[in-house]
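Reader: Please take me through this model and the words used to describe it. I would like to know what each word rests on.

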Amino acid sequence: MVDMTADTPLISLQNINKHYGDYHALRNINLDIRQGEFFSLLGPSGCGKTTLLRTIAGFEDYDTGYVTITGRDMRGVPANKRPTNMVFQSYAIFPHLSVIENVAFGLRKARMSKADKTQAAEAALEMVGLKGYGHRAAHALSGGQRQRVALARALVLKPKVLLLDEPLSALDRKMREQMQVELIKLQREVGITFILVTHDQEEALVMSDRIAVMFEGEIAQCDDPEVLYRNPKSKRVADFIGVMNFLPATVREEDGRYIATIAGLGETEISEAQCPGGVPVGAATVGFRPETLTLLYEGQSATHREAPAMIDEVVYYGDMTYYDVRFDGVDHPARISMRNIFGRDVLAVGTQARVNWSPGALVVFEQSA
Amino acid sequence: MKTLKVYAIFYLIFLYAPIFLLPLFAFNSSTIIAFPLESFTTEWFTQLLTLSEMHGALLNSLKIAVISALLATTLGIFAAMAVSRYSFPGQKGIMGFIMLPLVLPEIIVAVSLLIVILRIGLDTGAWSVIAGHTLICTPFAIAILQSAFAALDPALEEAAYDLGETPVSTFRLVTLPLVMPGIISALLISFTISMDEFIIAFFLTGADPTLPVYLFSMLRFPKLLPAVMALGTILVVLSILLITIAEYFRRRGAKRTGNDTGGFL
């Protein structure tokens, strides 16, 4: 049913549904993943992202739909016959083998000489920065090193797709940030399609070319990181990716124009492009990112619009300060992030401040969405 | 606190004093098993070498123990895998049923096996002892192997499969080497249990007695009693040695897979 043409996506998921008993684990998944892409499946735990990854790997069956890789239907093709390799969350390094034996494990059945296998394994180790570690015992490695061995072991087989199941979640923060950068570099170097499963939105934003956000077994939005951050399709996606402030509002139509009355901010015209779910005439929710607002200091005037607010809380991060401010007539605080500039004081809690906001940076959702 | 300490010490003496008396009398030159001790001798151990009937019993016991251990461990591997890798309806009930011989009185097992065998019209012999011993050893093998399989990350098997191996080669290359310490430990414990077992062997052994059964028959001859002591000493030392080796392997396996669950010592 699928033919192999030039613009066939590398992986195509069509209408995938899966149940565990009564539990609907995957709901109508449709997804195309391109050759050479760094793709992320992002969502809270239990959203089905790992199940979806394991479906691509061949570890999970599905009730309906098609999984095709390079145009080939994968139904009935077991994991050991698929052009995919996986990096497991626990890394699954074989503890009874040395590092080099682990890396060369998948080459056991390859038609190449023993010397070539060793050489390929050594090259893979070098690629992940573990040159010379080959003869160490696998169970004596640190978390970061195990991660690298797992990568080398999967990459040595030159799979069409590398599947990564929360590969960085077991590492400490510093190591994780370092590995994020290394993974991006590695992916560019080898040109293999990476599919990453993560619950960490920051990780997904940093690493991916495209991200599919999943909730309850469904793909809520699939876009590149910038679109996802700037134009979330739903309030839930907006809330999950980064920080978004929400204010209640009402929208009315006037001579073909849409006017929103926003609690604490006042009236402004909004465009249809700002409403991902269609213009919600009537009760609505307005969202804005912390960095789209700025606090005005004495002598500064607003570049767009101005609203009074009371500073509720100050969180100082060194390079940044987060202010939680309360607009007039709003009972929950909104977060504003400000870059700290040399010579400018951090404002104190309880200060009556003026906030500069821009109508164009608002995203308008239906109230319930 | 102090009474508890005293109690604990008396408890241990009560448990182990008879076993310590065994070597004491085994090296005592008097034929009467009583204090005071006379002089040191190894005569009873050399006497063991001349008892050809005992050698037959020993060989019989070794044969039965080796075969029972192999059977119990093989069955144990299947059961432990079924429990740790799959879930199916009635799993808990079936497992409870398999583990039942652990608490079943051996005399009941022995008598019922004897009745069944005679009713079918078969003769008792080494094979019926093996059947009985496999029955009582299997739960021990399962308990040990279950901890070995539980300690094994299922992702390891998936990883091997993902890297192109078949389910069979995955078992051979990954599962088996990683649970091998558990398998060795299960073999040794089953072997020891079968070697020492008396009741089932007594009822089902037929014409060729096992070592414990032969030992029991020797008790009727006071002259041979010191030799029994000597044999008992050897058996105790061997048992302790085997259990220690079994536990060593189990712990080594647990250390390698990084978590220690279960075990008997």
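Author: Start with two helices of chain B: B:Glu106, B:Val109, B:Ala110, B:Leu113 and B:Ile117 in α5(B) meet B:Ser128, B:Ala131, B:Gly132, B:Leu135 and B:Ile136 in α6(B). Note that this is a predicted model, where local features need pLDDT of at least 70 and side-chain atom pairs count only at pLDDT 80 or more, while totals for chains, interfaces and linings use all residues. Residues are numbered from 1 along each chain as its sequence is written, and chains are lettered from A and ligands numbered from 1 in the order in which they are written.

Reader: What makes two residues count as being in contact?

Author: Their C-beta atoms, placed from the backbone, must lie within 7 Å. In the contact of α5(B) with α6(B), seven residues are nonpolar, two are polar and one is charged.

Reader: How do you know which residues count as nonpolar, polar or charged?

Author: Ala, Val, Leu, Ile, Met, Phe, Trp, Tyr, Cys and Pro are nonpolar; Asp, Glu, Lys and Arg are charged; the others, Gly among them, are polar. B:Glu106 in α5(B) is therefore charged, and B:Gly132 in α6(B) is polar.

Reader: Why are α5(B) and α6(B) called oblique to each other?

Author: Helix α5 (residues 106-120) and helix α6 (residues 126-150) of chain B pack at an angle of about 140 degrees, their axes 11 Å apart. Angles under 35 degrees are roughly parallel, over 145 roughly antiparallel, 65 to 115 roughly perpendicular, and the rest oblique. The angle of about 140 degrees falls among the rest, so α5(B) and α6(B) are oblique to each other. Axes here are lines fitted to C-alpha atoms, for helices over the stretch in contact, with angles from 0 to 180 degrees between N-to-C directions.

Reader: What word describes the angle between α6(B) and α8(B)?

Author: The axes of α6(B) and helix α8 (residues 167-196) of chain B come within 9 Å and cross at roughly 155 degrees. That value passes the bound of 145, so α6(B) is roughly antiparallel to α8(B). Among the residues making this contact are B:Phe140 and B:Ile144 of α6(B) and B:Ile183 and B:Ile189 of α8(B). The contact has 14 nonpolar, six polar and no charged residues.

Reader: How many helices and strands does chain B have, and what counts as one?

Author: Chain B has eleven helices and zero strands. Helices (H or I, at least four residues) and strands (E, at least two) are DSSP runs, numbered from the N terminus. Chain A has eight helices and 20 strands.

Reader: What percentage of each chain is buried?

Author: In chain B, 36% of the 265 residues are buried; in chain A, 39% of the 369 residues are. Buried residues have 20 or more other C-beta atoms within 10 Å of their own, exposed ones have 12 or fewer, and partly exposed ones fall in between; C-beta atoms are placed from the backbone.

Reader: What makes A:Lys158 count as buried, exposed or partly exposed?

Author: A:Lys158 has 13 C-beta neighbours inside 10 Å, between the two bounds, so A:Lys158 is partly exposed. This residue sits in the loop between α4 (143-155) and β7 (161-165) of chain A. A:Lys158 is not a glycine, yet its phi is positive, about 50 degrees.

Reader: And which word fits A:Asp255?

Author: A:Asp255 has 5 other C-beta atoms within 10 Å, so A:Asp255 is exposed. A:Asp255 lies in the loop between β11 (245-254) and β12 (257-262) of chain A, and has a positive phi of about 50 degrees although it is not a glycine.

Reader: Which domains is chain A divided into?

Author: Domain 1 (11-237) and domain 2 (243-366), with bounds from an automatic or database domain assignment. Their centres, taken over C-alpha atoms, are 39 Å apart. Five residues of domain 1 and six of domain 2 make the contact.

Reader: How many residues join the two chains?

Author: 16 residues of chain B are in contact with 17 residues of chain A. Helix α7(B) gives the most to chain B's side, with six residues. That side divides into eight nonpolar, three polar and five charged residues.
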